[in-house]
Amino acid sequence: RDSDLAVPDGSSTGSDAVNGTAGRFVSGAEGTALAYGSLLLMALLPIFFGALRSVGCSKSKSASDMPETITSRDAARFPIIASCTLFGLYLFFKIFSQEYINLLLSMYFFVLGILALSHTMSPFMCRVFPANVPNKQYQLLFTQGSGESKEEIVNYEFDTKDLICLGISSVVGVWYVLKKHWIANNLFGLAFALNGVELLHLNNVSTGCILLGGLFVYDVFWVFGTNVMVTVAKSFEAPIKLVFPQDLLEKGLDASNFAMLGLGDIVIPAVVIFSSFTLSLKKNTRTYFYTSFLAYIFGLGLTIFIMHTFKHAQPALLYLVPACIGFPVLLALFKGELTEMFSYESSDEVLPHTPQLTHFPTVFGSPASLANSMHVEPPPSPRSRAPKQPDTRTGGIPKSRLCDISRYV
């Protein structure tokens, strides 16, 4: 959330801006349109594909792949934590040398970026990996202690495809650390955004409203009330923002006059949009998802228009929050589903027709008692036949109930 705003023309984020030698370059209409259009497209990619991958993540049986759920309490505390972090970074840049801080942050995001980009590339690599090439399995295991007291610290399993993704991501990471090129920055930024959308969920729509409402105040205060966010965004050389040069047509890949969009303006609304996506899955329609998706396009487009008109950095959530909340709410109000929308718990049914264990029976005794606790037999009718003798081969438990016991176990 440290660069959670959009920055207009003349806001260079390269080394020239740091040294104070960058002249203000007024880009042409074509370059400006290309930059803003590219930022909009790059913002939509992680939202759309992150939502699709998030469904697959929810289907995973692996605990490490399950998404993190944001509760209402987390949503209420998030703007406070983000404000403390933002102001702390602002003080760091004022007190300490910007060069050393960015060097430390570059190494930190170098490692995170490689891991995020590798995870992003993994599904694509699974499709293009040649079938005739052996895919060997590997395991990285670190333990502590010995014998019965041995404890696993790291237990990571990977294969040849993962190693190839890691190698390609490492090349991008070295490119970013050495050159700070805007393309490498965007590759890491898109990977961070997509992973954030994929691995973060809201437990209900009300939590999304609390989260967006708090960050709405956070965004407006730190952009319009102070110069803190703009200062940190321009000083913070890390892939936490998407950038695109407005002088690309004039200077090519060496362009340095960037428009930028913070990753917080992508991930946070996208998490709320995914709540609409799960609601759409429950109702076997994509109406709410498409409405939220169009609302994001409208809100971000309005941000770019205001930013370009007034030539001043804009808190994107000032326009995204009313759009991403208002459009789905108006749709639900029109369809008479407003109460159902706010009472919907996405954690109850992330995927349609997914069987879940709603209670755990507390039973003491034999396995037959466990089987009886799971099924309530109807009262016997007067004409019911005499019960069959228990099958001694199954310990007295009918075969039909053995399946039920094995399923719950």
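User: What volume does the largest cavity in this predicted model have?
Analyst: Let's start with the count: the structure holds 2 cavities of 30 Å³ or more. The largest cavity comes out at a volume of about 110 Å³.

User: Which helices each supply at least two residues of the lining of the largest cavity?
Analyst: The lining is made of 14 residues, and Val205, Val272, Cys324, Ile325 and Met341 are the ones nearest the cavity centre. As for helices giving at least two lining residues each, look at H7 (205–225), H10 (264–282) and H12 (317–335).

User: How many residues of that lining are nonpolar, polar and charged?
Analyst: Cys counts as nonpolar here, and so do Val, Ile and Met. With that sorting, the lining of the largest cavity splits into 10 nonpolar, 4 polar and no charged residues.

User: Moving to the surface, which residues make the nonpolar patch of about 430 Å²?
Analyst: Take Phe48 as a way in: this residue sits in helix H2 (residues 29–59). Phe48 has 32% relative accessibility, so it counts as partly exposed, and patch members need over 30%. The patch is made by Leu41, Leu45, Phe48, Phe49 and Leu52.

User: Now for charges: how many salt bridges are there, and which residue does Arg53 meet in one?
Analyst: Side chains of opposite charge can pair when their charged atoms come close. The cut-off here is a side-chain nitrogen within 4 Å of a carboxyl oxygen, and the count by this rule is 3 salt bridges. In one of them, at 3.3 Å from N to O, Arg53 meets Glu198.

User: Why does the Arg53 and Glu198 pair tie together parts that are far along the sequence, and how many residues apart are they?
Analyst: Both partners are buried. Arg53 belongs to helix H2 while Glu198 belongs to helix H6 (residues 182–199), so the pair links parts whose separation in sequence is 145 residues.

User: Where do Arg77 and Asp74 lie?
Analyst: Their side chains meet in a salt bridge at 3.1 Å, N to O. Arg77 is partly exposed at 40% relative accessible area, and Asp74 is partly exposed too, at 30%. They're 3 residues apart, about one turn, and both are in helix H3 (residues 72–95).

User: And in the salt bridge of Asp247 with Lys251, is Asp247 buried or exposed?
Analyst: The closest N and O atoms of that pair are 3.8 Å apart. Lys251 is partly exposed, with 44% relative accessibility. Asp247 has 0% relative accessibility, and under 20% is the cut-off, so Asp247 counts as buried.

Conventions: Residues numbered from 1 in each chain as written. Predicted model: local features only at pLDDT ≥ 70, side-chain atom pairs only at ≥ 80, totals over all residues. Heavy atoms only, no water. 1 Å grid on protein atoms, 1.4 Å probe; cavity = no way out; pocket = protein on both sides within 12 Å on 5 of 7 lines; lining within 4 Å. Points joined across faces, edges and corners; volume = space filled by probe spheres on them. Helix = DSSP H or I, 4+ residues; strand = E, 2+ residues; numbered from the N terminus. Patch = residues over 30% accessible without salt bridge, like charges linked within 9 Å, V, L, I, M, F, W, Y side chains within 5 Å. Areas by Shrake-Rupley, 256 points an atom, 1.4 Å probe, with all protein chains shown as cover. Buried < 20%, exposed > 50% of the residue type's maximum accessible area, 1.4 Å probe, protein only.
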